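Colleague: Thanks for making time for this. Could we go through the reasoning behind a few of the labels?

Modeller: Gladly, let's take a look together.

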Amino acid sequence: MKVFLETYGCQMNEYDSELVRAILSKHNYEFCATADEAEVVFLNTCAVREGAQQKIYHRLNDLKNRRQSGKIRVLGILGCVAQSLRKELSETIPLLDIVAGPDSYKKLPELINTVLQQGGQGFEFSLSEYETYDDIVPARVAGVNAWIAIMRGCNNFCTFCVVPYTRGRERSRSPHSIVAEARKIVSEGFPQITLLGQNVNSYQCDGKDFADLMEMMPDVAGLRRVRFTSPHPKDFSRRLLHVMAAHPELCKHIHLPLQAGSDHILERMNRTYTKQDFLTLVAEIRQVLPQVSLTTDIICGFCGESEEDFAHTLDVVEKVGFDSAFIFKYSVRPHTIAARKYPDDVPDEVKTGRVMRLNELQRNISRQRNEAEIGKTFEVLIEGPSKKSPHEWYGLTEYNKGTVFSAPDKKPGDFVQVNVTAAGTHTLLGRLV
Ligand code: SAH
Ligand code: SF4
Ligand code: F3S
């Protein structure tokens, strides 16, 4: 049978889709490129913002006719929307055959069989304290980067965030199994590994913390680049910085989510750090890793955010000078503490206005920081053709900067030296050295 699997959301979902591909391939399912050819269709979904969830409803609406006519025999929802809206989905969308949360993918073959043989719906949502899928080798997408989820779940309960409810509690996978998987990945030709976790630096297993694990990675022969995402500022140890400084394989890029700049809002968000804590951490990071690039996530218009609160966010953004930032408008998520405790009282147009102002500030900073790279030479790992100019290559520097250049004799997976000749807000342009 042919399966079509469509993935939304974060890198963890991309990784989970690779697990699902591996699990179903073992049971002789074949994967195809479009929903039109498939008898089984799964959407691996994201619930982090209202907009992400709306996308899923629209997509289900697109697929409705094919399910009704029987061309699609099994239609299922996986991932975070499945876990978060399990009841609502199964009751209001009778066309859904399977609703399975992120810890139940090993049961998918059984669920599909049940639906096909007995009809009716198959549901599986139980979140697990233990499931790490460390016995499944993901069916990876060819390319230069391989993901490894080293921990799953989140115990932080930031008040705006649905993830602890969709992904359950934190659990880490053994360092031994991670290193073994890294060796296998490198032997398959991937030069780069990205370690994933909802809260990656709270990793803790068999007496090893995240800094210990990072220190073990360069021992994997042939592994050229290691990245990680996303860390939480509260779990960022000095030792991790020194480990990063000591090993050229550990890329000098840190995605450090700020979320807000005002102490009042940070407290309401349960982020457990203050504006000053964050600025101090950034200073420490830059002291140990002077060249580091820093990126962040910020939410505008969280409950109770005044103009003065927002001014603190602008201030942190200006003081830190992030290389880039993902800026979001706050949206209320079901189950969360904020949804229960605080009214969503910032008017939508004010939220939008703040997102625009912050984006404009960040664009200027990003451009300035990129322009400062002109004249320097970086090692770039070629990922593939540039989207805008297909005769040129696109790749990332160690510092996570997208770089476009021409090199007719090179190919994806090659490492090259590129001298930066021009810079925009999002990309560097360069020539091969
Ligand atoms: N574990 C990651 C976050 C994953 S969600 C971390 O702690 O960094 C990715 C980003 O989505 C968050 O960093 C936050 O900026 C944003 N986000 C989460 N919930 C949101 C909400 N209710 N409204 C708007 N943005 C949200
Ligand atoms: Fe959500 Fe906070 Fe956990 Fe990140 S750390 S996943 S923002 S609860
Ligand atoms: Fe979305 Fe779930 Fe990831 S809510 S951001 S897919 S953890």
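Colleague: By class, which residues make up the shell around ligand 2?

Modeller: This is a predicted model, and in it the shell around ligand 2 has 7 nonpolar, 2 polar and 1 charged residues. Among the residues surrounding ligand 2 are C154, F157, H232 and R271. Arg counts as charged and Cys and Phe as nonpolar.

Colleague: And what is the shell around ligand 1 like by class?

Modeller: For ligand 1 the shell has 6 nonpolar, 4 polar and 5 charged residues. Of its 15 residues, R49, Q198, Q259, D297 and S331 come nearest. Strand 15 (293-300) and strand 16 (324-329) each supply at least two residues of this shell.

Colleague: What makes the pair between ligand 1 and the side chain of Q259 a polar contact?

Modeller: The cut-off is a pair of N or O atoms within 3.5 Å. An oxygen atom of ligand 1 is 2.7 Å from an N or O atom in the Q259 side chain, so the pair qualifies. Taken alone, ligand 1 exposes 540 Å², and the protein buries 88% of that.

Colleague: Why is C300 called buried?

Modeller: Because buried means under 20% relative accessible area, and C300 has 0%. C80, at 9%, is buried by that rule too.

Colleague: How do you know that C300 is in no disulfide?

Modeller: A disulfide needs two cysteine sulfur atoms within 2.5 Å. The nearest cysteine sulfur to C300, that of C303, is 13 Å away, so C300 is in no disulfide. A search of the whole structure finds 0 disulfides.

Definitions and conventions: Residues are numbered from 1 along each chain as its sequence is written. Chains are lettered from A and ligands numbered from 1 in the order in which they are written. This is a predicted model: local features need pLDDT of at least 70, side-chain atom pairs count only at pLDDT 80 or more; totals for chains, interfaces and linings use all residues. Side-chain values use heavy atoms; hydrogens and water are left out. A residue is near a molecule or strand if one of its heavy atoms lies within 4 Å of it. A polar contact is a pair of N or O atoms within 3.5 Å; within protein, one must be able to donate a hydrogen and the other to accept it, and residues adjacent in sequence count only if both atoms are side-chain atoms. Accessible areas come from the Shrake-Rupley method with a 1.4 Å probe; for residues, only the protein chains shown count as cover. Helices (H or I, at least four residues) and strands (E, at least two) are DSSP runs, numbered from the N terminus. Buried means under 20% relative accessible area, exposed over 50%, partly exposed in between (1.4 Å probe, protein chains only).
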